[in-house]
Amino acid sequence: MKPPGLAALVLALVCLGPSAAPAAPVATVEQPRSFGHLLGDVLSQRVRLPDGHDVDAAALPLDRVGLYLERRALRVERDDAGRRWLVIEYQVVNSPRTLLPASLPALTLATAAGPLQVPAWPVSIGPLTPRATFEQGALQALQPDRSAVPVPDDGPRRRLTASLAALAALLAAWGGWWAARNLYEARRLPFARAWRQLRRTEADSAEAWRVLHRALNTSAGHVVHGGTLPRLLAESPQLSPLAPQLEAFFRQSEQRFFAGTAGAAGPAPSLHALARALRDVERRHQR
């Protein structure tokens with residue numbers, strides 16, 4: 001028997017046709033849950049990539065898949081065993097009115113070692129709310145607003161009251177201390193005492209001049225007159241800014257009490273203004 005010739009082999013291949021070509025292998029796929037999906041859910045397919053089957057993750061573009069699904073960006077992951085998986089995610093982007101079936105599409109992945117087939121996978125997608133309510137009892141079309149839970153305000157109110165009471169007590173204590181301090185200084189400090197006395201005395205009376213003389217003597221610890229004024233200013237330098245007023249005061253005092261010609265040495269200083277200035281300097285120096 002003669003071996004078949006070339007013409008016979010070609011005839012055999014033509015008869016076999018494309019069905020004789022080997023089919024692409026089906027990949028190992030971890031499919032998502034088939035049921036219970038709603039608007040916004042993400043369904044993930046994990047496709048096992050054998051060695052040598054490298055896939056370009058950008059080969060499948062982001063695209064709408066039917067009315068309810070949209071394919072998201074692909075990525076390649078490795079599990080704890082070092083195996084590579086292609087993760088294909090689909091998101092539910094529409095909500096049906098009733099429960100209905102959908103399908104993750106079948107894919108043919110082009111890899112360096114040949115194509116891989118990913119079979120289709122059926123899933124069910126449900127509505128966010130039923131199309132019609134039960135209209136029984138509290139199951140009505142419109143639900144009332146949830147009542148706000150009352151927040152107890154006893155604690156904050158008590159704390160606010162206690163804080164205000166503490167603030168009032170602090171202000172009262174400070175005011176009492178300030179009044180007591182001023183009263184104490186008015187009785188103890190010579191210029192403060194003189195200022196109180198001058199407020200009840202005629203401004204240009206002889207007693208007013210004596211009051212201020214006594215205050216200067218008490219503050220210095222010795223008798224002060226025009227000749228000893230430099231000593232007073234040296235011992236109490238805080239009074240130096242008032243040196244011109246004090247010099248005028250002693251000149252007028254000497255004319256008033258010893259020469260009997262008040263006013264001849266120039267205009268008399270305001271005893272009230274001088275006493276107030278001396279009191280202020282004394283108060284600042286005592287702090």
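**Cores and salt bridges in a predicted model**

Tutor: In this predicted model, the largest nonpolar core has 26 residues, and Leu212, Leu216, Leu232, Leu246, Phe249 and Leu278 touch the most other members. Two or more residues each come from helix 3 (190-199), helix 4 (206-220), helix 5 (229-235), helix 6 (243-259) and helix 7 (271-286). Helix 4 gives the most, with seven residues.

Student: Which residues does Leu212 touch, leaving aside those up to four places away in sequence?

Tutor: Leu212 touches Phe249, Leu271, Leu274, Ala275 and Leu278. A second core, of 24 residues, lies apart from the largest one; Val55, Leu60, Tyr90 and Ile125 are among its members.

Student: Why is the pair Glu77 and Arg46 called a salt bridge?

Tutor: The side chains meet at 3.1 Å, N to O. The cut-off is 4 Å between a side-chain nitrogen of Lys or Arg and a carboxyl oxygen of Asp or Glu, so a pair at this distance qualifies. The structure holds ten salt bridges.

Student: What does the pair of Glu77 and Arg46 tie together?

Tutor: Glu77 lies in strand 5 (residues 75-78) and Arg46 in strand 2 (residues 42-49), so the pair ties together parts that are 31 residues apart in sequence.

Student: Are Glu77 and Arg46 buried or exposed?

Tutor: Neither label applies. Glu77 has a relative accessible area of 27%, and Arg46 has 22%. Buried means under 20% and exposed over 50%, so a value in between counts as partly exposed.

Student: How do you know that Arg72 and Glu89 form a salt bridge?

Tutor: Their closest N and O atoms are 3.9 Å apart, and the limit is 4 Å. Arg72 lies in the loop between strand 4 (69-71) and strand 5, and Glu89 in strand 6 (residues 84-92), so this pair ties together parts 17 residues apart in sequence.

Student: What makes Glu89 buried and Arg72 partly exposed?

Tutor: Glu89 has a relative accessible area of 13%, and buried means under 20%. Arg72 is at 32% relative accessibility, a value in the range between 20% and 50% that is called partly exposed.

Student: How do you know that Glu207 and Arg214 form a salt bridge?

Tutor: The closest N and O atoms of Glu207 and Arg214 are 3.0 Å apart, and the limit is 4 Å. Glu207, at 35%, is partly exposed, and Arg214 is partly exposed at 40%.

Student: Which residues do salt bridges with shared partners join into one network?

Tutor: Glu30, Arg46, Arg72, Arg75, Glu77 and Glu89 are joined in this way.

How values were computed. Residues are numbered from 1 along each chain as its sequence is written. This is a predicted model: local features need pLDDT of at least 70, side-chain atom pairs count only at pLDDT 80 or more; totals for chains, interfaces and linings use all residues. Side-chain values use heavy atoms; hydrogens and water are left out. A nonpolar core is a set of buried Ala, Val, Leu, Ile, Met, Phe, Trp, Tyr and Cys residues joined through side-chain atoms within 4.5 Å. Buried means under 20% relative accessible area, exposed over 50%, partly exposed in between (1.4 Å probe, protein chains only). Helices (H or I, at least four residues) and strands (E, at least two) are DSSP runs, numbered from the N terminus. Contact means heavy atoms within 4.5 Å.
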